[in-house]
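Colleague: I should like to understand how the terms applied to a model are justified. May we go through them one at a time?

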Amino acid sequence: MKLWAGRFSKEADKQLDDFNSSISVDSRMIKEDILGSIAHAAMLKKQGIIAPGEADKITAGLQDILHDLQSGALTVDMEAEDVHTFVEATLTERLGETGKRLHTARSRNDQVALDVRLYLRGRGEQLKKDLAALVTVLADKAAQHQETILPGYTHLQRAQPVTFAHHLLAYAQMFLRDMGRIGDALERMNEMPLGSGALATTTYPIDRWYTAELLGFSAPCANSLDGVSDRDFCVELAAALSLVMVHLSRFAEEIILWCSWEFRFVELDDAFSTGSSIMPQKKNPDIAELVRGKSGRVFGDLMALLSMLKGLPLAYNKDMQEDKEAVFDACDTVSACLAAFTPMVRTMRVNKQAMRHAAAAGFINATDCADYLVKKGMAFRDAYKLVGGLVAECIEKGKTLETLSLEEYKAASPVFESDVYEAIDLKNCTMGRGAYGGPAVESTTAQIDLVRKKLSEMEEKA
């Protein structure tokens with residue numbers, strides 16, 4: 001029986017039923033639907049809208065349905081139009097006329113808006129925890145590699161020396177921001193639409209603040225039209241998750257490069273790699289590649305939500321049934337990516353020698369050589385040009401700045417002394433960059449402490 005069948009004299013076409021149905025998507029919100037209904041029944045009882053005895057029976061009946069679903073004694077009827085219809089029909093089947101009183105002073109429009117918020121609130125909190133697990137791995141791994149030197153890149157060209165800790169902590173900052181963005185989205189999401197009715201509230205003397213308190217919302221939605229038609233929270237969460245995927249994809253790309261024979265900076269554990277069906281020597285970074293590829297899927301979910309909403313008049317429109325599939329898929333995809341990515345990073349082996357060799361071979365201490373001359377009194381532009389000439393000379397002779405003789409240095413400028421070798425030593429170049437946020441040990445130690453402090457603060461706030 002359709003909840004809206006009273007207006008119609010003919011059964012809906014079976015093809016329409018299938019097309020109209022959302023149970024395959026929204027059935028995952030059945031716990032939230034039941035919890036919302038329990039709170040609604042408590043409010044109806046408090047306000048004297050339904051008799052206390054009937055409200056108690058409804059609450060007990062809803063709790064029984066939830067228990068039976070969790071135990072497997074009851075399964076969702078996938079022929080039902082949606083999750084709300086299934087719950088109400090099951091309750092009415094068990095309680096008779098009493099079950100029909102539950103829907104007093106509410107609509108499926110405010111009911112579904114409530115369910116989606118409740119469900120995404122839980123998913124968002126879990127995704128923050130998943131990100132925290134990855135950030136913890138990055139901080140722990142950074143602590144192990146504060147003196148592991150590798151080249152930092154610009155334009156994918158070796159640029160200046162950094163440490164592996166410094167590099168990992170850059171991603172830790174990205175993921176911390178992602179956690180903050182999800183938290184911001186959850187804060188704005190935490191307003192309760194129930195009581196908005198179909199669009200114009202109700203003539204019953206409901207107490208929306210009481211229901212909001214029961215369900216852990218900060219307040220009811222301030223405008224009933226907005227309460228049923230707002231899906232900004234879906235878009236905002238999907239946008240935050242899209243940025244998570246941007247950061248995961250960038251990290252994945254670097255891991256893919258680092259695993260190649262051309263770099264050999266890291267080696268993935270066998271448990272997080274695959275082989276080739278034809279080339280026995282291959283060890284492929286498939287997880288990183290899949291994460292990189294799945295970023296487009298989440299971006300598509302965001303675009304689907306934006307496109308669905310952009311032309312809708314107030315208030316509710318059936319188009320909005322498309323919100324759940326997109327935002328649920330974004331949550332599922334990011335969750336799956338983090339579940340695979342975090343242990344992959346935790347177990348990957350770092351090839352310190354390969355990193356150091358790449359740093360030594362790339363003239364990434366050229367800036368330090370120029371700085372050496374500046375500290376001796378030379379203008380930076382003159383020093384820059386002179387060191388550029390030395391690099392060209394090294395390339396021609398098959399040397400590095402470290403292997404140039406002092407005589408060759410002095411031929412370029414009498415300012416050079418034997419202390420130039422100390423100035424261009426890779427370790428000194430790296431550890432000398434102790435400015436806030438830099439790669440030196442004291443700086444990365446402070447960064448690790450800051451990351452862990454932020455994680456702790458977020459955990460306490462949650």
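Modeller: Let us begin with the word cavity: on a 1 Å grid over the protein atoms alone, a cavity is a set of points where a 1.4 Å probe fits but cannot get out, and lining residues have an atom within 4 Å of a point. Grid points are joined across faces, edges and corners, and a volume is the space filled by probe spheres set on the points. A search of the whole structure finds one cavity of 30 Å³ or more. This is a predicted model, in which local features need pLDDT of at least 70 and side-chain atom pairs count only at pLDDT 80 or more, while totals for chains, interfaces and linings use all residues. Residues are numbered from 1 along each chain as its sequence is written, and side-chain values use heavy atoms, with hydrogens and water left out.

Colleague: What lines the largest cavity?

Modeller: The lining consists of His40, Met43, Ala105, Leu194, Gly195, Ile206, Arg208 and Thr211. Two or more of the lining residues come from each of helix H3 (30-46) and helix H9 (208-214); helices (H or I, at least four residues) and strands (E, at least two) are DSSP runs, numbered from the N terminus. The space inside is about 30 Å³.

Colleague: Why is Asp301 called buried?

Modeller: Buried means under 20% relative accessible area, exposed over 50%, and partly exposed in between (1.4 Å probe, protein chains only). Asp301 has 10% relative accessibility, and therefore counts as buried. Asp301 belongs to helix H12. Beyond its neighbours within four places in sequence, Asp301 is in contact with Ala326, Asp329 and Ala330, where contact means heavy atoms within 4.5 Å.

Colleague: Why does Arg264 count as partly exposed?

Modeller: Arg264 has a relative accessibility of 41%, so it counts as partly exposed. Arg264 also has a positive phi of about 55° although it is not a glycine.

Colleague: Why is Phe363 called buried?

Modeller: Its relative accessible area is 19%, so Phe363 is buried. Phe363 has a positive phi of about 55° as well, although it is not a glycine. Its place is in the loop between H14 and helix H15 (366-375).

Colleague: What makes the pair of Phe263 and Phe265 edge-to-face?

Modeller: Rings of Phe, Tyr and Trp (its six-membered ring) pair if their centres lie within 6.5 Å; planes under 30 degrees apart count as stacked, over 60 as edge-to-face and the rest as tilted. The structure holds ten aromatic pairs. For Phe263 and Phe265 the centres are 5.3 Å apart and the planes meet at 85°, so the pair is edge-to-face. Tyr409 and Phe416, at 4.7 Å and 50°, therefore form a tilted pair. Ring pairs link Tyr372, Tyr409, Phe416 and Tyr421 into a cluster.

Colleague: How do you know that Arg121 lies over the face of Phe217?

Modeller: A charge sits over a ring if NZ of Lys or CZ of Arg is within 6 Å of the ring centre and within 35 degrees of the ring normal. Arg121 is placed over the face of Phe217, at 4.6 Å from the ring centre. The charged end of Arg381 sits over the ring of Tyr384, 5.5 Å from its centre.

Colleague: Which residues touch the most other members of the largest nonpolar core?

Modeller: A nonpolar core is a set of buried Ala, Val, Leu, Ile, Met, Phe, Trp, Tyr and Cys residues joined through side-chain atoms within 4.5 Å. Among the 76 residues of the largest one, Leu120, Leu248, Phe251, Ile255 and Phe341 touch the most other members.

How values were computed
1 Å grid on protein atoms, 1.4 Å probe; cavity = no way out; pocket = protein on both sides within 12 Å on 5 of 7 lines; lining within 4 Å.
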